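Okay, thanks for squeezing me in. I'd like to walk you through one structure, starting from the overall picture and working inward, so let me put it up on the screen.

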Amino acid sequence: MLYSQIAGQEEIKTSLIKSINNNKVSHCYIFEGPKGMGKYDLALVFAQSLLCSNFTSNPCNECLSCIKINSGNHPDLHTINNDETTIKREEIDTLIESVYKKPYESDKKVYIIKGAHEMTAQAANTFLKTLEEPPGDSVIILLTYNANLLLPTIVSRCQTVKFRNVSKETIKTYLQKNYGTSDEITDLAAEYSKGILNRAVNIVNGNDGILSKRAEIIKLFEKIISADSEIIYELESYFEENKDNIDIIIEIIMMWIRDVMFVKNNLDDLVINKDYIQLAKMHVRLMKGNNDLIEIMQGTSDNIKSNVNYKLAIDNMLLKIQEVFK
Ligand SMILES: [Zn+2]
C-alpha cells in the first residue's frame, strides 16, 4: 500500500512519515475519529512503513516484509479485536506476552487494536501496565471513535492523532480516480458522506442504503407538501419508528429544500439531487412563502439533540414546511 491510496489526512501522513525518518516513533498511538475515516487503513500503511526494509516516504512494496503485509500474514503485525466487540482481559494478557518477546522477522512489532474503547476495566488496567514500561521494539496503535472512552491514564501515555473530515473536493477526486464514477454520483456521494470517506465509497458501491433512503424521504416530502395538515398526525408513527434515523432524514429534507431553492433561483448547476431535478421544478411551483426553512430545519435537528419533546419538534417542523409549500 501507499499513503496516496488513502484520501485526505495529509497532516497526519506527513507527521507519521517524519517520525519514522527522524527516528521519533512513539510506542503508542491513539487514532481517533468517526467510523469510516480510514483509521485502520492508515494504521496498516504506517505499520507496513515501520516494518519495511527500504522505507523512504512510502513503504517499498517490494521487500519480503511488504509482500507479507500485502498478503495479510506478517508475523510481526498483529490486529486485535477485528470484530470490534468487547476486549477481555485474557486478550490483553496474550498481547502482553507477545509484546515482551523479540520480533520474529523485523526489528519491530506492530499491534493495531480496533475499537480500543471496548476494553473491559480489567483489560484496560492490564493494558496500562505495558505502557508504563513499554518495550522499545513495539508500536501499539489504538483505534477509537472517541478517546474520552479510554482510561485517561492510557491517553496520557499515548500520542493522540485526530482524524479530520475530508473535504468534498478530496472525496470527489478520490472517487473519480479510484472508481471512475460519473460527476452526478460523485457530487451526490461527496455531499451525503459529510466528509467521511468510506461512507462516500459505500454510496458509490451502493452498500450504504442512502440512495434508497433519499428516494423514500423525497417521496415523503412530496406527501407532506401535497396533503393538508391531517398528514402531520398520520406521519406520527413513521417519525416515531424512525427516531434513530432522524438526523439523516432531516439532512435529506434540508438538501432537498436547498435544491428547490436553487432551481427557483435558476441555479440548476448547484443542485445536488440532479436526477430529481424535474420534481424539484414541480416543487418550486408549489412554493408560496419564503421563510427561513433551512434555519428551521437546522433548529429542529439541534432541538432534538438537546432532548426537547421529539413529537412537538417534528410536528412544528412539518407545519413550517406546509406553510412554505402548497
Ligand atoms: Zn518494503
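So, straight into the middle of the thing: I141. Leave aside its neighbours within four places in sequence, and I141 is in contact with Y29, F31, A43, Y111 and I112. Keep that residue in mind, please, I'll come back to it.

Before that, the caveat: what you're looking at is a predicted model.

Now let me zoom out. The protein chain has 326 residues, and buried ones make up 33% of them. Secondary structure comes to 16 helices and five strands. If you take the principal axes, the C-alpha atoms fill a box of roughly 75 × 40 × 30 Å. And for those of you who like contact maps: take the contacts between residues at least 6 apart in sequence, and 72% of them join residues at least 24 apart.

The domain assignment splits the chain into domain 1, residues 3–162, and domain 2, residues 209–324. Their C-alpha centres lie 43 Å apart.

Okay, the sheet. What is the strand order? Going across, it's β2-β3-β4-β1-β5, an open sheet of five strands with parallel pairing. On the edges you have β2, which is 77–80, and β5, which is 159–162, and each of those pairs on one side only. From one strand to the next, the twist averages 20°.

Let me go through the pairings, starting at the β2 edge. Four bridges join β2 to β3, and the two run parallel. If you want a residue to click on, L77 stands opposite V110 in β3. The link between these strands is a helix: β2, helix α4 (residues 89–99) and β3 make a right-handed β-α-β unit.

Next step over. β3, residues 109–113, is joined to β4 by five bridges, again parallel. You can follow the register along here: K109 stands opposite S138, Y111 stands opposite I140, and I112 has I141 as its bridge partner. There's a helix on this step as well, with β3, helix α5 (residues 121–132) and β4 making a right-handed β-α-β unit.

On the other side of β4 comes β1, residues 28–32; five bridges join these two, also parallel. Here the bridge partner of C28 in β4 is I140.

So is β4 buried or exposed? Seven of the seven residues in this strand, 138–144, are buried, so β4 is largely enclosed by the rest of the structure. Both directions are covered: S138, I140, L142 and T144 point one way, V139, I141 and L143 point the other way, and all are buried.

β3 tells a similar story. Five of the five residues there are buried, so that strand is largely enclosed too. On one side you've got K109, Y111 and I113, on the other V110 and I112, and both faces are covered. Yes, K109 is in that buried list, lysine and all.

Which brings me to the packing. In soluble globular proteins, nonpolar side chains tend to be buried together. In this model, the largest nonpolar core has 57 residues, and the ones with the most contacts inside it are F31, A43, A47, I141, L142, L197 and A200. Helix α2, residues 39–51, gives the largest share of this core, with eight residues. There's also a second, separate core of 14 residues, and I217, F221, V263 and V271 are among them.

Back to I141, as promised. It's one of the residues with the most contacts inside the largest core, and F31 and A43, both on that list as well, are among the residues I141 touches.

Last stop is N198, which sits in helix α9, residues 197–205. How many other C-beta atoms lie within 10 Å of N198? There are 19, so N198 counts as partly exposed; the cut-off for buried is 20 or more. Apart from neighbours within four places in sequence, N198 is in contact with G36 and G38. And here's a distance you can check yourselves: N198 and I171 are 27 residues apart in sequence but 9.5 Å apart in space, C-alpha to C-alpha.

That's my tour. Happy to rotate the view if anyone wants another look.

Conventions. Residues are numbered from 1 along each chain as its sequence is written. This is a predicted model: local features need pLDDT of at least 70, side-chain atom pairs count only at pLDDT 80 or more; totals for chains, interfaces and linings use all residues. Domain bounds come from an automatic or database domain assignment. A nonpolar core is a set of buried Ala, Val, Leu, Ile, Met, Phe, Trp, Tyr and Cys residues joined through C-beta atoms within 7 Å. A residue is buried if 20 or more other C-beta atoms lie within 10 Å of its own, exposed if 12 or fewer, and partly exposed in between; C-beta atoms are placed from the backbone. Two residues are in contact if their C-beta atoms, placed from the backbone, lie within 7 Å. Two strands pair if DSSP finds at least two bridges between them. A crossover is right-handed if, with the strands pointing away from the viewer, the path from the first strand over the helix to the second runs clockwise. Axes are lines fitted to C-alpha atoms, for helices over the stretch in contact, and angles run from 0 to 180 degrees between N-to-C directions.
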